[in-house]
Amino acid sequence: MDLSLTDEQRAVQQLARDFVDREVVPNVAEWDRAEQVDIGIVKQLAELGFLGLTVPEEYGGSGGDHLSYCLIMEEFGRGDTAIRGIVSVSLGLVTKQIVKYGTEEQKRHWVPRLCSGESLACFGLTEPGTGSDAGNLTTRAEQDGDDWIITGQKMFITNGTWADVALIFARTDGPGPKGVTAFLAPTDAEGFSRTEIKGKLGLRGQATAELTLDGVRVPDSARLGERGQGFSIAMFALDKGRMAVAAGCVGLARAALEASVKYAKEREQFGKPIASFQLVQEMLADMAVETDAARLLVWRVADYIERGLTFKTEASMAKLYASEAAVKASNLAIQVFGGYGYIDEYPVSKFLRDARVLTLYEGTTQIQKLLIGRSLTGINAF
Amino acid sequence: MDFSLTTEEREIRDWVRTFIRREVMPLEQEVLRRERAGQPGLTADERDELQLKAKAAGFWGLQTPESHGGMGLSAVMTALLMVEIGKTFVPFQFGGDADNILYHANEEQQQCYLLPTIAGERKSCFAITEPGAGSDAKAIRTSARKDGTDWIINGEKTFITGGNEADFAMVFAVTDPERGANGGVTCFLVDRDMGWKSEPIDTMGEWAPAALIFDNVRVPDSQILGEVGNGFQLAMQWIGRGRYLIPARALGSCERLLEMGIDYANTRETFGKPIADRQAIQWMIADSSVEIEALRWLVLHAAWLVDTDGGVASRHAQSIAKLYGATKANEIVDRVLQIHGGMGYTRELPIERWYRELRLARIYEGTDEIQRRTIANNLLRGKVKPTGSLG
């Protein structure tokens with residue numbers, strides 16, 4: 001057993017840390033208020049290779065292992081969950097699936113564009129009526145000669161209004177998960193419209209959108225994987241995606257802890273820093289314990305992936321634990337900051353607002369518990 | 001980074017796992033029966049016999065250096081074995097280990113205390129806690145007054161693990177009240193036949209620590225361990241010797257308890273189907289499983305830092321593992337009891353016994369509150385970064 005990082009992993013971590021300190025941290029409050037990050041950041045992310053992590057270099061990727069990916073996601077999560085989401089959705093949920101399931105033509109066409117930031121991707125699984133129960137989605141794709149005609153609605157789609165390509169999951173056959181097929185649909189196709197969802201509790205800088213597909217025509221060459229394989233592609237993407245989300249959660253929890261430690265030493269009450277009060281120290285200690293535990297659960301998933309072991313349940317555990325830890329840590333951070341934590345001149349209220357989505361998306365806390373419970377008991381309690 | 005165990009580590013662990021399953025777990029029913037009749041779960045002879053069986057296979061002195069006939073295992077390996085031992089409530093421990101501070105003894109003392117303790121011929125106890133000094137160990141009042149070349153010890157120690165069985169005590173006494181913990185505390189090696197008495201203290205667990213009474217106990221100068229005045233440092237060294245071992249053991253208990261919970265959930269039927277079909281039950285199982293995994297890596301991470309770092313980072317990680325392990329073990333045993341319903345509350349099953357035993361984990365070797373204080377202080381004084389040793 002060896003829990004140390006290699007020099008290369010440390011270098012990539014430092015690169016991400018510096019990038020976040022320079023390009024993200026100074027801007028987050030403004031992006032949050034404007035409900036819009038500076039989308040120019042996508043190009044910057046690509047230039048440093050962050051949009052091509054773990055993707056083979058022959059397709060324009062920047063290589064690297066899964067732990068490096070987690071280290072970077074932690075730094076982005078520390079800076080801004082909205083930024084972390086851009087990467088984990090475009091790269092993690094879509095680009096990587098094209099690499100794994102795509103035809104040579106699809107790979108040559110999309111992957112270099114996505115890695116270079118020329119294009120951005122979104123992942124169209126969730127619908128207004130199917131969230132946790134994604135296997136029963138109702139968007140339809142009908143065959144018409146060599147083409148497919150896709151009709152339906154997608155909901156809560158991260159990167160939705162920015163994306164150039166959407167990985168759309170649609171029903172091509174009978175009911176349930178086996179009737180679902182995946183398509184790479186260009187978002188400028190006729191009949192494809194997008195509306196940004198405003199007024200979110202958190203993740204405000206992120207373009208979360210509702211997608212409407214009204215008879216969108218794509219050729220059969222846009223189909224990703226086999227007919228009927230769509231749902232298993234989605235699940236595979238989400239298994240690894242959970243690791244990335246969890247790594248982002250670790251970053252958010254750490255940001256809450258770092259801000260709290262700093263503030264507790266500066267803020268004085270009753271003639272001494274609030275850090276000298278035990279009830280404040282308890283909050284700091286509890287945040288530190290859960291952050292470390294979450295990070296180890298995340299790293300274990302990365303290690304299992306690298307060693308070719310199954311990691312589904314481990315990824316669910318990491319996602320469940322880290323997202324709940326992020327919510328708790330950011331809530332405690334507000335408590336440490338008191339009234340100042342409640343206003344957006346200080347960073348911690350945004351942490352809580354952003355953290356709150358982490359126990360919801362990419363599999364709610366409840367879904368993770370059901371997956372873990374099923375793996376332990378062999379009984380499906382869905 | 002590599003979370004895997006070496007083949008050797010797995011082999012050693014598997015041997016102990018088998019040993020615990022074949023030799024120790026079969027005693028559980030008898031241990032329960034005896035404890036409920038007010039007797040010790042395991043007699044000293046039975047414990048010695050088990051230890052000798054393990055010794056025959058080379059398991060003796062897990063952390064005793066090889067130069068002293070031990071196995072000299074790493075902290076990671078020891079933690080892995082402690083998990084296995086924790087899977088049973090039978091009060092078993094491998095033999096052949098001596099307190100770390102006895103290695104500071106001089107040549108003559110080593111012959112008299114260290115070596116016989118390693119050999120299992122003598123039993124020690126560590127006596128610092130007093131009725132008025134628990135977490136605040138600096139507040140001890142037991143005194144040692146110089147009288148010619150002897151010292152006269154007076155005072156009372158309490159909650160001393162092994163104090164009823166020990167034939168010598170490592171006693172911490174104030175030799176210079178002016179300096180207190182800062183150079184005024186000295187450690188003495190005091191044989192029982194030098195005149196101290198012990199009294200068992202009944203607890204809610206199946207384990208009785210002792211109160212030790214020192215009433216004008218006279219000991220010669222030659223019984224001082226280390227130097228006059230460096231007792232407090234020795235005490236801290238003893239306490240810090242392996243804080244990760246407590247959560248490691250608790251981890252094993254949690255694994256066994258969760259196994260019991262899963263088996264019961266799969267077999268117990270209500271309203272026509274196994275209770276494992278119910279989401280409420282699955283969630284208790286899932287939550288416990290997630291916390292067990294988090295605990296496993298906090299413990300192994302702490303042990304790994306003991307092996308590779310040994311400084312403040314390892315102490316910090318040990319406090320984190322101890323706090324988390326103690327807290328979660330109590331939550332997990334409570335959930336497993338809940339899964340078992342009324343049966344869990346009875347003495348038909350050992351769950352209530354684990355429940356009583358695990359409560360101690362939040363108190364001894366540094367309460368939850370002391371661990372939190374340590375963790376927060378390390379962060380606030382910049383001794384460790386919020387990124388931890390991992391970032």
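## A walk through chains A and B

Start by selecting Asn216(B), which sits in strand β7 of chain B, the strand that runs over residues 210-220. Before you zoom in, keep in mind that you are looking at a predicted model. Now check the backbone at Asn216(B): phi is near 50 degrees, a positive value in a residue that isn't glycine. Is Asn216(B) buried or exposed? Asn216(B) counts as exposed, because it has just 10 C-beta neighbours inside 10 Å and the cut-off for exposed is 12 or fewer.

There's another positive phi to see in this chain. Jump to Glu365(B), again not a glycine, where phi is about 50 degrees. You'll find Glu365(B) in the loop between α11 (351-358) and α12 (368-380) of chain B. Glu365(B) has 18 C-beta neighbours inside 10 Å, so this residue counts as partly exposed.

How confident is the predictor here? Chain B has an average pLDDT of 95, and 99% of its residues score at least 70. For the complex, the predictor gives an ipTM of 0.80 and a pTM of 0.88.

**Into the strands of chain B**

Next, pick Ile153(B) in strand β3 (residues 150-160) of chain B. With 26 C-beta neighbours inside 10 Å, Ile153(B) counts as buried. Show what surrounds it: leaving out residues up to four places away in sequence, Ile153(B) touches Thr142(B), Ala144(B), Val171(B), Ala173(B), Phe188(B), Val190(B), Phe214(B), Val217(B) and Val219(B). Draw a distance from Ile153(B) to one of these partners, Val190(B). These two are 37 residues apart along the chain, and their C-alpha atoms are separated by 9.7 Å.

Slide along to Ala166(B), in the loop between β3 and β4 (168-174) of chain B. Loop or not, Ala166(B) counts as buried, with 23 C-beta neighbours inside 10 Å. Which residues does Ala166(B) contact, leaving aside its neighbours within four places in sequence? They are Lys123(B), Ser124(B), Cys125(B) and Arg192(B). For a sense of scale, draw a line from Ala166(B) to Tyr355(B): 189 residues apart along the chain, with 27 Å between the C-alpha atoms.

**A helix with every residue covered**

Still in chain B, select helix α4 (residues 75-85). How many of the 11 residues of α4(B) are buried? The count is 11 of 11, so α4(B) is largely enclosed by the rest of the structure. The buried residues include Glu84(B) as well as Val76(B), Met77(B) and Leu80(B). To see what covers α4(B), turn on α1 (7-24), α7 (245-267) and α8 of chain B, which are among the covering elements.

**Over to chain A**

Select Leu213(A) in strand β7 (residues 208-219) of chain A. Leu213(A) is buried, with 27 other C-beta atoms within 10 Å. Beyond residues up to four places away in sequence, Leu213(A) touches Thr139(A), Ile150(A), Thr151(A), Gly152(A), Ile168(A), Gly191(A) and Phe192(A). Also look at Ser193(A): 20 residues from Leu213(A) in sequence, but 6.5 Å away in space, C-alpha to C-alpha.

Now highlight helix α9 of chain A, residues 312-337. Its 26 residues reach 37 Å from first C-alpha to last, close to the 38 Å expected at 1.5 Å a residue. Of those 26 residues, 21 are buried, so α9(A) is largely enclosed by the rest of the structure. Step just past the end of α9(A) and you come to Gly338(A), with a positive phi near 60 degrees.

**Where the chains meet**

Finally, colour the two chains separately and select the contact, which takes 39 residues from chain A and 41 from chain B. On chain A's side, α7 (230-266), α8 (278-306), α9 and α11 (365-377) each supply at least two residues. Which of them gives the largest share? That is α8(A), with 14 residues. By type, the chain A side divides into 24 nonpolar, 4 polar and 11 charged residues.

For a close-up, isolate α11(A) and helix α8 (residues 279-308) of chain B: their axes come within 8 Å and cross at roughly 85 degrees. That makes α11(A) roughly perpendicular to α8(B). Show side chains for the residues that meet here, including Leu370(A), Ile372(A) and Leu376(A) from α11(A), and Trp283(B), Ile285(B) and Val290(B) from α8(B). This helix-to-helix contact divides into 7 nonpolar, 5 polar and 2 charged residues.

Technical notes:
Residues are numbered from 1 along each chain as its sequence is written. Chains are lettered from A and ligands numbered from 1 in the order in which they are written. This is a predicted model: local features need pLDDT of at least 70, side-chain atom pairs count only at pLDDT 80 or more; totals for chains, interfaces and linings use all residues. Helices (H or I, at least four residues) and strands (E, at least two) are DSSP runs, numbered from the N terminus. The expected span of a helix is 1.5 Å times one less than its number of residues. A residue is buried if 20 or more other C-beta atoms lie within 10 Å of its own, exposed if 12 or fewer, and partly exposed in between; C-beta atoms are placed from the backbone. Two residues are in contact if their C-beta atoms, placed from the backbone, lie within 7 Å. Ala, Val, Leu, Ile, Met, Phe, Trp, Tyr, Cys and Pro count as nonpolar, Asp, Glu, Lys and Arg as charged, and the others, Gly among them, as polar. Axes are lines fitted to C-alpha atoms, for helices over the stretch in contact, and angles run from 0 to 180 degrees between N-to-C directions. Angles under 35 degrees count as roughly parallel, over 145 as roughly antiparallel, 65 to 115 as roughly perpendicular and the rest as oblique. pLDDT is the predictor's confidence in each residue, from 0 to 100.
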